[in-house]
Amino acid sequence: MVGDARLHRHSRMDDTELGDAVARARDGDEAAFGVVYRELHPMLLGYLRGLIGDDADDIASETWHDIVRDLRAFRGGGQSFRGWAATIARHRALDHIRRGRVRPRTTALDEDAAERVAERTSTRDSEGAALENISTARALSLIAELPRDQAEAVLLRVVLGLNGPMAAEVLGKRPGAVRTASHRGLMRLSERLKGAEEK
């Protein structure tokens, strides 16, 4: 085993359930908004930590501010909501990077955040298999070492659970380009993990 902990995972909320909760939240149901927040926040935070490191909590707050502000205008199901929220988070992160003229950096996740991300990451898909035997903090650190297009594709597909077309929409690229970047990134991660195990 590489890393300091094995990920303990359970499946994400079904897109239909998430879509129903979003619709109720849009109509003012605070309990439904709590469900949406608890489902999506750990994934958004993991995505943002992979992009900007220590400032992820602040950018996540800005992201949720924008989500709450614009929620009544949102139309779509669970997968669309994940993509919409990821797009907002990405825009806030890029704005942050531009403001600070800093290069994206990584940081170790605190244990609570790492556990929340780990709980939300699914092992049912092939993308999660490359990360199965390492800690979440180590996984995000390895992802941050990938070329930016591959890192973002892996973060969107694995951490946020977006499908290829939705991840492509967030990144403003063709689905094939995102699938290729995700595949190449996961292959690099797999090679690095094999190399670390052999040492």
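How many salt bridges does the structure hold? The structure holds 13 salt bridges, a salt bridge being a side-chain nitrogen of Lys or Arg within 4 Å of a carboxyl oxygen of Asp or Glu. The model shown is predicted, with local features needing pLDDT of at least 70 and side-chain atom pairs counting only at pLDDT 80 or more, while totals for chains, interfaces and linings use all residues. Residues are numbered from 1 along each chain as its sequence is written, and side-chain values use heavy atoms, with hydrogens and water left out.

**Figure 1. Overview of the helices of the predicted protein.** The protein contains 10 helices and zero strands, where helices (H or I, at least four residues) and strands (E, at least two) are DSSP runs numbered from the N terminus. Of its 199 residues, 50% count as buried, with buried meaning under 20% relative accessible area, exposed over 50% and partly exposed in between (1.4 Å probe, protein chains only). Among contacts with a separation of 6 or more, 75% come from residues 24 or more positions apart, contact meaning heavy atoms within 4.5 Å.

**Figure 2. Close-up of the packing of helix 2 against helix 8.** Helix 2 (residues 30–52) and helix 8 pack with their axes 10 Å apart and at an angle of about 170°, which makes helix 2 roughly antiparallel to helix 8. Axes are lines fitted to C-alpha atoms, for helices over the stretch in contact, and angles run from 0 to 180 degrees between N-to-C directions; angles under 35 degrees count as roughly parallel, over 145 as roughly antiparallel, 65 to 115 as roughly perpendicular and the rest as oblique. Helix 2 contributes Met 43, Gly 46, Tyr 47, Gly 50 and Leu 51 to the contact, and helix 8 contributes Arg 148, Glu 152, Leu 155, Leu 156 and Val 159.

**Figure 3. Close-up of Arg 157 in helix 8 (residues 148–159).** Arg 157 is buried, because its relative accessible area is 14%. A polar atom of the Arg 157 side chain lies 3.1 Å from the backbone oxygen of Leu 162.

**Figure 4. Close-up of helix 9 (residues 164–171) and its ends.** Six of the eight residues of helix 9 are buried, so this helix is largely enclosed by the rest of the structure; the buried residues are Gly 164, Met 166, Ala 167, Ala 168, Val 170 and Leu 171. The N-terminal end of helix 9 is capped by Asn 163, with a side-chain oxygen 2.8 Å from the backbone nitrogen of Met 166. Gly 172, just after helix 9, takes a positive phi of about 70°.

**Figure 5. Close-up of the salt bridge between Asp 66 and Arg 92.** The closest N and O atoms of Asp 66 and Arg 92 are 2.6 Å apart, and the pair links distant parts of the chain, with Asp 66 in helix 3 (residues 56–70) and Arg 92 in helix 4 (residues 78–100), 26 residues apart. Asp 66 is buried, with a relative accessible area of 9%.

**Figure 6. Close-up of the salt bridge between Glu 145 and Arg 192.** In this pair the closest N and O atoms are 3.6 Å apart. Glu 145 lies in the loop between helix 7 (136–144) and helix 8, and Arg 192 in helix 10 (residues 175–198), so the pair ties together parts that are 47 residues apart in sequence. Glu 145 counts as partly exposed at 46% relative accessibility, and Arg 192 is partly exposed with a relative accessible area of 31%.

Key: A polar contact is a pair of N or O atoms within 3.5 Å; within protein, one must be able to donate a hydrogen and the other to accept it, and residues adjacent in sequence count only if both atoms are side-chain atoms.
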